[in-house]
Amino acid sequence: MRVLKRNLTAYGFLCAALACFAVFAWYPMVREFVLSFQRTNLVDPPEWAGLDNFAAVVRDPAFGTAWLNTVAFTVLALICGYVVPFATALVLNELRHAQGYLRFVVYLPVMLPPIVAVLLFRWFFDPGPGLFNQILGLFHLPGLAWLDSSSTALISLVIVSTWMNMGSATLIYLAALQNIPSELYEAAELDGAGILARIRHVTIPQTRLILLLMLMLQIVATMQVFIEPYMLTGGGPENATVTVAYLMYQFAFTYGDGYGQAGALGMMLMLALLVFAAFQLRLTRDDREVTA
Amino acid sequence: MISVGARASARRARERGRPRPIEVRFRTIVSPHQLNSRWGRRIYWAVLLTVLTFSTLAFVFPLYWMVTGAMKSGEELARMPPTLVPQAPTLDAFAEAWELFDIGLLLRNTAFYALGGWLVTMAVDVSAAYALSKLRPALGNVVLGAMLATLMVPPMVVLIPLYVTVSDLGLLNDPWGLWLPAAANGFNIFLLKRFFDSIPKELVEAALIDGAGPLRVLWSVILPVSRPILGVVSIFTIVTSFKDFVWPLLVMTDSDRMTISVGLSQTAGAVSQNAIMAGLVIAGIPTVVVFFFFQRHIMAGLTAGSIKG
């Protein structure tokens, strides 16, 4: 009786959360699966469509490009957004002055609403009076077309994305670096290890888990890039910046009633990301065992 | 007596001649000895200066450019090469932006969504974490696992089905369409539960012996000692909701119900550049102010987030 009562109270406290998760987190996962096999315009009752949605998505002229662009964006964003924050954190950790200011400044763009960063950079990218071409002009370099050229548009998106996101990675690395016991460095030094050797044999092994974890998190996050192409290029020029998430949005809201196709494309993106997510889950488990 | 005074002043003079050593509180890659050698010190100051200059240029200068851009006239803004300091700073663009974007309304909407979302999220997530941590129902771990599993699902993937669900429920253009999905946040529950787990059992048992019911225990025992974590979760919930773009873009489509991010994005094509910048400055101020005051909480929450998985 006591046990029953305790369970009843507990589920009383839990019911709001259970309802929220059921309707807005668990059910949409199932719905995603079902949706990809349906034809629906959200008004009439949905019809079974078999594999039509998948066929339509694959046949879309932008399909291949979207995947290539997404992978290219992710790789470029990793080169900038993965190496730069770690290097920054390494240097910041060595500094004995202005630490507070530097942390504040690095994290500042993360606090801005993304739309502010994106619209600000749209102005910087302006080929005429935009800041970037003015700076290039200062060094007597020719201006670039940035967002207007299919060869520089994607890298321009990477620049914005790195600027507005690198702060959180930097601070996470910094916290990890500060957890490295100083005895390890002392021992390495006694063994005659130089600065680079200390980084290689102490710093990197000691931060290995968080480095791998962040790698996975960043891959999963950048594969879903949407705001940058949506606001800056609209997928252009010549589909040079259409990403999978952007194409999904277009299927659902621009092409008209393509919710089923969007669902099918979402399933494909899900499968691609699942591999990384599974790997990340394993890493988190290792991490808990280590910290426990 | 005289000789003692002379010796002290000689030592002071020697110390003045030699630069003060760089203080090292914890040892890092570079050893304190290396750092305080003659070259170590030179390199250190050179690196410090470079890092300060570079990070200010990279992260503060763009914001300076935004603020001053909003204070320049349209003619000055188009000038090449640009002026570093506005020649005749005016706030006209701010007034113009306020009118054109209807920023008062957008800010009020965004604040209402953020605060309402915070109340709903806290009520739902705190009580769930309390139940899972202290009341320990049967199958509690299964429930927790299912909630944490949602963190593994990429948000863009469930975006469309979530939209379809919200649309089926008739919650489009309804604040509940923002609040309820936001409350289903496994990470909040994880953080809160982990903190509640660390509260000693004796504290709860003592209250129970005194005849307090479970709600009373939550309100008068758990919540007062959980202020740090409640602060972190609150700040993150409010800031995230203020910054959110994609979901409000889909759900709040009526022009008089838009958030500030969505409103700016929809009107930005149709107004002059200095008015856009003024709009961006206004949209950026609230979160930057929050960051200024709650820096410590935000950074603590961030590192708690690094083990989120």
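**Figure 1. Annotated transmembrane regions of chain A in the predicted model.** The UniProt record, an unreviewed entry, marks six stretches of chain A with the annotation "transmembrane region": residues 7–27, 71–92, 104–125, 145–164, 209–227 and 258–279. Two of these stretches are shown in close-up. In residues 209–227 of chain A, the C-alpha atoms at the two ends are 30 Å apart. This span is 79% helix and 0% strand. In residues 258–279 of chain A, the end C-alpha atoms are separated by 32 Å. Here the helix content is 95%, and strand again accounts for 0%.

**Figure 2. The contact between chain A and chain B.** Chain A contributes 81 residues to the contact, and chain B contributes 81 residues. On the side of chain A that touches chain B, the largest share belongs to α1(A), with 21 residues. Sorted by class, this side of chain A consists of 58 nonpolar, 14 polar and nine charged residues.

**Figure 3. Packing of helix α1 of chain A with helix α6 of chain B.** Helix α1 of chain A spans residues 2–35, and helix α6 of chain B spans residues 103–135. The two helices pack at an angle of about 145°, and their axes are 8 Å apart. The crossing of α1(A) and α6(B) is left-handed. From α1(A), the residues that make the contact are A:Arg6, A:Thr9, A:Ala10, A:Phe13, A:Leu14, A:Ala16, A:Ala17 and A:Cys20. From α6(B), they are B:Val124, B:Asp125, B:Ser127, B:Ala128, B:Tyr130, B:Ala131 and B:Leu135. This helix pair has eleven nonpolar, two polar and two charged residues in its contact.

**Figure 4. A:Val91 and the residues around it.** A:Val91 is part of helix α3 of chain A, which covers residues 63–94. Apart from its neighbours within four places in sequence, A:Val91 is in contact with two residues of the other chain, B:Val47 and B:Val51. Within chain A, A:Val91 and A:Leu174 are 83 residues apart in sequence, while their C-alpha atoms are 9.4 Å apart in space. A:Val91 is classed as partly exposed because 15 other C-beta atoms lie within 10 Å, a count between the limits of 12 or fewer for exposed and 20 or more for buried.

**Figure 5. Positive phi angles at A:Glu238 and A:Asn239.** A:Glu238 is located in the loop between α11 (227–233) and α12 (244–254) of chain A. Although A:Glu238 is not a glycine, its phi is positive, at about 50°. A:Glu238 counts as exposed because it has 11 C-beta neighbours inside 10 Å. A:Asn239 is also placed in the loop between α11 and α12 of chain A. A:Asn239 is not a glycine either, and its phi is positive at about 60°. With 17 C-beta neighbours inside 10 Å, A:Asn239 is therefore counted as partly exposed.

**Figure 6. The overall form of chain B.** Chain B is built with 16 helices and zero strands. Along the principal axes, its C-alpha atoms fill a box of roughly 85 × 70 × 35 Å. The radius of gyration of chain B is 27 Å, whereas a compact globule of 309 residues would have one near 19 Å. Of the 309 residues in chain B, 38% are buried. Among contacts in chain B with a separation of 6 or more, 71% join residues 24 or more positions apart.

Terms used: Residues are numbered from 1 along each chain as its sequence is written. Chains are lettered from A and ligands numbered from 1 in the order in which they are written. This is a predicted model: local features need pLDDT of at least 70, side-chain atom pairs count only at pLDDT 80 or more; totals for chains, interfaces and linings use all residues. Axes are lines fitted to C-alpha atoms, for helices over the stretch in contact, and angles run from 0 to 180 degrees between N-to-C directions. Helices (H or I, at least four residues) and strands (E, at least two) are DSSP runs, numbered from the N terminus. A crossing is left-handed if the near helix is turned anticlockwise from the far one by less than a right angle, and right-handed if clockwise. Two residues are in contact if their C-beta atoms, placed from the backbone, lie within 7 Å. Ala, Val, Leu, Ile, Met, Phe, Trp, Tyr, Cys and Pro count as nonpolar, Asp, Glu, Lys and Arg as charged, and the others, Gly among them, as polar. UniProt positions are given in the numbering used here, feature names are shortened, and annotations may be inferred rather than shown by experiment. The radius of gyration is taken over C-alpha atoms; the globule rule is 2.2 Å times the number of residues to the power 0.38.
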